[in-house]
Structures are given as C-alpha cells and as structure tokens.
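Please read this briefing alongside the sequence and the three-dimensional model. It is arranged by topic, with the definitions given where each term first appears.

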Amino acid sequence: MSTKDFVEKDYYKVLGVPKDATEAEIKKAYRKLAREYHPDANKGDAKAEERFKEISEANDVLGDSKRRKEYDEARALFGNGGFRPGPAGGGGSFNFDLGDLFGGSQGQGQGGGFGGGLGDVFGGLFNRGGAGTRTHARRGQDIESEVTLSFTEAVDGATVPLRMSSQAPCKACSGTGDKNGTPRVCPTCVGTGQVSRGTGGGFSLTDPCGDCKGRGLIAQDACEVCKGSGRATSARTMQVRIPAGVSDGQRIRLRGKGAPGEQGGPAGDLYVVVHVDAHPVFGRKGDNLTLTVPVTFPEAALGGEVKVPTLGGPPVTLKLPAGTPNGRTMRARGKGATRKDGTRGDLLVTIEVLVPGDLSDEAKASLESYREATAGPDPRAELFQAAKGA
C-alpha cells in the first residue's frame, strides 16, 4: 500500500459505511460485500475480483482498531487539505518529503525532529514494518470463506476441507513474471518499487512505480500465464479445524492462512463464516442445549422418573417432582455444548404435559371420578375478582 493510496483512498466509502461506524457495522458491511464479490461466486469476472481486493484492503485497515485509528489520523493530517504546505509567511517556502517522514528519519530540524514517532506509525501502516523500513514486500490478501456444519459438528468441533481461490506467486515463472525466470531490475525505480512525485511547494508523495507495478522487477520475456505480473489465481484445498462450540453466523479468523505474500511479505488471514444446520430434536441457547420432553398427566401429577436423550451420549434420567407444571424447565448438568475451556454447558429440558385427545369410556369415567374427588373453589375466582377491581 503506497502513501498515496493510504492518504487518498476512502475506505469508508469502499465499504459503504459512515466514518463513525461501529466495529459491528464495518464487519457486517464487509461480510455482505465479500460474499457478493467473492471470486468463487464471480468466476472469470475481473471487475468483481478487483472489487473484492478493494473490499479486503478496506477491511484490513478499518477492521483493525489500531490501524483504523492511524488511518483516520493520517487522513486528517494529509488528506482533504488537512496539511498542504505552501508559501510560508514572508514569501518563503519549505521542502517536506513524505518519504523522510514515513521512513522514520532520525534527523532533527531547528524545532526538534520527529524522531521515530510518526515514522514508526506510518512505517507500520505502509510497509508492515518498523521505522526506516523501505521495502516493497507485500502482505497477502485476506480470504473469506464459508462452511456449513451439522448441529453435532458445531457442538463437538470438526475438521473440514475448504477449497479457496486466491492470488499467489505464479508457478510457471516462480513468481518472477519472466518466462525464463530472469527479470531485470526496473530502471525507473532502481528496484525499490516506488517513485516520488512532487505536488508543488516542495511537497512530494511516494507512489508505486508505474513501470514495474511496484514490484521492482521487469520481465524481459513476460510469462504467458501471469502476463509478467508474477501473480496468478491459485486454487487450493485446506483442512481447517473448526473449534467445538461454534454458533451459527460466527466468524473465525485463522492467521496466516490467507493468500501468500509477495517479495517476502507475510501471508494474509483466512476468515471462515460458519453456518449450522438445525437439529430435529435439540436446540441451542449459548453453551446450553435445549430439549422439549412430553410427559403424561399422571407422570406430571404423581411424579416419577423420565428418561431423556442427550446429544451423542447415553440417555439421562430426570426425576419429576409430584405436581410438575407444564412448561417447567429441568437441568441436566454437563450435557450441553463444549465451551472454549473444554467444559460443557447444560441440557435444559422443558416439560410438556400431554393432554389426550381420544379417551375410552373407562378413562372418561376415571376422570369424572377424579374431578369429583378434587372438586373445590373455582380456580378462576381470583381472576374475575381482580378484573373487577382494575
């Protein structure tokens, strides 16, 4: 990322969010756009691929609170007219080279130098290195993928294969861009990959070299596969471990598992959005599993033992107290989803008292006898009394 890119690119506009957007809003916008423009969903669409790169670059900055702060400060200082040196009072002017500032110059002027301050800040942003780092090493792109798990896999964890497409060093030319693997040093930038341009008033900006596209090398005989860029789309399959206890919609970050870097730069990160299929019996509430168990009226009224299933384990027996009401929730400890620390949540069992719809004559007679035996005050009397007093 060049100085010009960092100062002039509006990453908020790229993601379509306001400058005061929260982390959640930025994350939501990125996921939506990344899914829409992902290369796998737009095969052969160069514009969609370029748009996906812009979206990933914007998220790489705005999605990191530290980098976002530095980006906002840089934009406020150098962008939108925030810092435009020109003629000084008395008709004088001064020369100011961003290369000195961003490179972390240790020299000091009359009023005191910048030391390592801003150089450290911007060096980390542009080069991913410390002050004074002048390299055209490039970090690999972040990749976002999706995976769908069964309910049981999400609870217990699973290793799943993911097929991904990303930019990587061209295999045909070993990333050199030259058909014979012997590129020459770019004469324009002398291998640095960067050139400076003046903006007037002694102010200069550093941009990627237009002749070598920031690589510092030029192919003498361009590779037919990558057209001299040294990069090509690469498809690969990875075995990714999804930790136990993930929930539907959760986004997992795997550092260094994204696209390979260039010129010795680090690899990007892999983001995996997890989707979880529903279970026909069990539900999920945080680290706890949920289950609705039907019981008969005699079981609820008289109490007893009820055997219930667990997810992937042997059934457990619950003791129903006499007079258990419909909708009561009972807890089977340690029979829920796996937590990050390896412990398990609980199984929450909701009692559902069944009301028979078809009774035999004998059953009806027994219920009539039960009604006579339990006859007493109207249980709804207080309800009517309260309604009148309201």
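The points below cover salt bridges, one sheet, one pocket and one loop residue.

This is a predicted model, in which local features need pLDDT of at least 70 and side-chain atom pairs count only at pLDDT 80 or more, while totals for chains, interfaces and linings use all residues. Residues are numbered from 1 along each chain as its sequence is written, and side-chain values use heavy atoms, with hydrogens and water left out. Helices (H or I, at least four residues) and strands (E, at least two) are DSSP runs, numbered from the N terminus.

**Salt bridges**

- Side chains of opposite charge can pair when their charged atoms come close.
- Searching the whole structure gives 15 salt bridges, a salt bridge being a side-chain nitrogen of Lys or Arg within 4 Å of a carboxyl oxygen of Asp or Glu.
- One of them joins the side chains of Asp-60 and Arg-139, with an N to O distance of 3.6 Å; this pair links distant parts of the chain, 79 residues apart, since Asp-60 belongs to helix α4 (residues 46–62) and Arg-139 to the loop between α7 (117–127) and β2 (143–149).
- Asp-60 is buried, at a relative accessible area of 16%, where buried means under 20% relative accessible area, exposed over 50%, and partly exposed in between (1.4 Å probe, protein chains only).
- Another salt bridge brings together the side chains of Arg-253 and Asp-269 at 2.7 Å, N to O, and it links distant parts of the chain, with Arg-253 in strand β9 (residues 251–254) and Asp-269 in the loop between β9 and β10 (270–276), 16 residues apart.
- The two partners are set differently towards the surroundings: Arg-253 is partly exposed, with a relative accessible area of 38%, whereas Asp-269 is buried, with a relative accessible area of 5%.
- A salt bridge also forms between Arg-339 and Asp-287, whose closest N and O atoms are 3.4 Å apart; the pair links distant parts of the chain, 52 residues apart, with Arg-339 in the loop between β15 (329–332) and β16 (347–353) and Asp-287 in the loop between β11 (283–285) and β12 (288–295).
- Here Arg-339 counts as partly exposed at 31% relative accessibility, and Asp-287 is partly exposed at a relative accessible area of 34%.
- A network of salt bridges links Asp-60, Arg-67, Arg-139, Asp-142, Arg-253 and Asp-269.

**The four-stranded sheet**

- An open sheet of four strands follows the order β11-β12-β16-β15 with mixed pairing, and its edge strands, β11 and β15, each pair on one side only; two strands pair if DSSP finds at least two bridges between them.
- Neighbouring strands of this sheet are turned by 35 degrees against each other on average, direction ignored, the axes being lines fitted to C-alpha atoms (for helices over the stretch in contact) and angles running from 0 to 180 degrees between N-to-C directions.
- Strands β12 and β16 run parallel and are joined by seven bridges; among the bridge partners in β16, Ile-351 is that of Val-293 and Val-349 is that of Leu-291.
- Strands β15 and β16 run antiparallel and are joined by four bridges, and the bridge partner of Arg-331 in β16 is Leu-348.
- Because five of the seven residues of β16 are buried, this strand is largely enclosed by the rest of the structure.

**The second largest pocket and Asn-59**

- The second largest pocket holds about 370 Å³ of space; on a 1 Å grid over the protein atoms alone, a cavity is a set of points where a 1.4 Å probe fits but cannot get out, and a pocket is an open set with protein on both sides within 12 Å along at least five of seven lines, with lining residues having an atom within 4 Å of a point.
- Grid points are joined across faces, edges and corners, and a volume is the space filled by probe spheres set on the points.
- Of the 17 residues lining the second largest pocket, Asn-59, Gly-63, Asp-64, Arg-253 and Tyr-271 are the closest to its centre, and the elements giving two or more residues to the lining are α3 (23–37), α4 and β9.
- Asn-59 lies in helix α4 and is buried, with a relative accessible area of 6%.
- Not counting residues up to four places away in sequence, Asn-59 touches Leu-15, Ile-26, Tyr-30, Asp-64 and Arg-251, contact meaning heavy atoms within 4.5 Å.

**Pro-260**

- Pro-260, in the loop between β9 and β10, is partly exposed with a relative accessible area of 28%.
- The C-alpha atoms of Pro-260 and Pro-169 are separated by 7.5 Å, although these residues are 91 residues apart along the chain.
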